[in-house]
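Please look at the sequence and the structure shown here. The text after them goes through some of the charged pairs and one contact between helices.

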Amino acid sequence: MTSSKPTAAVATAPPLAERGRGPRRSVLFFGFAFAVIADPVSSVAYAIEAALRALHGDLALLLPTMSLVVGLVVVVTANYWQLVRRFPKGGGAAAAAGRAFGPRWTFLPIGALVVDFVLTIGISISAAASAVIALFPGLAAWRIPLAMVLLVVVAGLTWFGHGGRLLFAVMTVAFVVISVAVLILGFTSPHATGHAAAATDPGRSAALAVVLAFPVAMALATGIEAPSTAIAQLGQLDDTHRRRFGRGTLALLVVIVGGLTLALTALAVHLHVGIPATDSTQIADIAHAAAGPGQLYGAFQLTSSLLLLAAASSSFQAGPGLLKALSGTAEQPGVLPPVLGRTNRHHTPYWSVVVYLAAAALIIVAAAGQEQELVLFYAVAVFVSFLVGLMAMARFATREQKTVLAWVNGLAAGAVAFTLAVNLLRGWPLLSLAATLLIAAGLYVRWTRAGRPSGIEDVETHAEAN
């Protein structure tokens, strides 16, 4: 029998509790959203230059190329919008693949994520070093040692756990605000203009050049999957609010990343800023042409380098967290050795951090600290995850007889598959695919030998929740 007192409490307490709930949720959303999108926003620092290099410096084709890139980002984001609705507790492409095709398919997106985290760390650290060198050209001879120092510092900060999440959000906002200031100045009263020609090879097929170039710049799409998995961190919210946070973050991602990319691309064309010298970057040259060598340029370089370090730090947390989740618990053995799950008092799986530190150091040295060398490998692994996720969503739509949605997901999967194929035709990106497949196969074999423990589809959810 229920008394009337609890009923009265339920009737009167919510209005009082709701008074502060809105502001608290707004602060939580700010911290969550801007921290999660640090990775894709930081990709602006090197994706535009990657496209221009693939176009052999043809500025006339740069804006159409980046428009196609942003269009595909919107398509992929739309798929993760559906994933957030279906899996409000997190899980992303791994959860979708496991439930659509069976648990063995879960390992393909997991393998892709492991490779993507390593490449994100490597390319973000290298790009941060390039940003510092553009500001202080005298450090150009020390590129690799500088990158190694930044790598060790970021890995060391990971020791203290997730305390830097709000700082990531602040760095993202600071970069966006200063970028807007640079854009306004560049379009209204630029300091100087470059000397790059509008077109370098007017005799070739423009359409073919764009089609072959845009997949390289799809590095811009990395990080799109983050909101669909990171919502698992929001244990204090119910499913409805986790969906809102996830979808709100995805919408913010498209607006900010797409807007900044197209605006900075248009400014590069407007100011004739072409392929940069070896001691600079295109985005640095854009800011320098717009604002000159003063404080705004310095602030732009500083915030871009800090944002890149924040993106690396985010992967230094998510990557080891995934290995920890795969290592299992005392109650249920996992796929990986238990040593990878050992944590310090800040809940940091320190041996997993060491694994990512070593892997990232290896690729940074192999690429001589040049982020543009790594961009070629970047969009391969994560596009494997995108493709599996889209195929899973198409499968769900087909089962539920949602014909239009199935066709939309199928066409999107075709576009992602085409992008992946064009990147692979360049040759060296096959290494990223090979690493993804080897990791996925190795995890599958260990899972089978462990007796196929249940719940593998939710490993990304557990990784983020922890």
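What follows takes the salt bridges in turn and then moves to a pair of helices. The model is a predicted one.

Side chains of opposite charge can pair when their charged atoms come close. In this structure there are 5 salt bridges.

One of them joins Arg 53 to Glu 49, with 2.9 Å between the closest N and O atoms. Both residues belong to helix α3, which covers residues 44–54, and they sit 4 residues apart, about one turn of the helix. The two partners can be placed by their relative accessibility. Arg 53 has 35%, and because partly exposed residues fall between 20% and 50%, Arg 53 is counted as partly exposed. Glu 49 has 3%, and because buried means under 20%, Glu 49 is counted as buried.

Another salt bridge is formed by the side chains of Lys 89 and Asp 239, at 3.0 Å from N to O. This pair links distant parts of the chain, 150 residues apart: Lys 89 is in the loop between α4 (62–86) and α5 (92–101), while Asp 239 is in helix α11 (residues 239–270). Lys 89 is partly exposed, at 49% relative accessible area. Asp 239 is also partly exposed, with a value of 24%.

Asp 239 takes part in a further salt bridge, in which its side chain meets that of Arg 242 at 2.5 Å, N to O. Here the partners are 3 residues apart in helix α11, so about one helical turn separates them. Arg 242 has a relative accessible area of 8%, which means that Arg 242 is buried, the limit being under 20%.

Salt bridges also link Arg 86, Glu 400 and Lys 402 in a network. Arg 86 appears again in the contact between two helices, described next.

How do the axes of α4 and α15 cross? They come within 10 Å of each other and cross at roughly 55 degrees, with helix α15 spanning residues 371–399. Because this angle lies between the limits of 35 degrees for roughly parallel and 65 degrees for roughly perpendicular, α4 is oblique to α15. The crossing of α4 past α15 is left-handed.

On the α4 side, the residues in contact are Leu 72, Val 76, Asn 79, Tyr 80, Gln 82, Leu 83 and Arg 86. They meet Phe 383, Ser 385, Phe 386, Gly 389, Leu 390, Met 393 and Phe 396 of α15. Sorted by type, the residues of this contact are 9 nonpolar, 4 polar and 1 charged.

Notes
Residues numbered from 1 in each chain as written. Predicted model: local features only at pLDDT ≥ 70, side-chain atom pairs only at ≥ 80, totals over all residues. Heavy atoms only, no water. Salt bridge = Lys/Arg side-chain N within 4 Å of Asp/Glu carboxyl O. Buried < 20%, exposed > 50% of the residue type's maximum accessible area, 1.4 Å probe, protein only. Axes fitted to C-alpha atoms, helices over the stretch in contact; angles between N-to-C directions. Parallel < 35°, antiparallel > 145°, perpendicular 65-115°, else oblique. Left-handed = near helix turned anticlockwise from the far one by under 90°. Contact = heavy atoms within 4.5 Å. Nonpolar A, V, L, I, M, F, W, Y, C, P; charged D, E, K, R; others polar.
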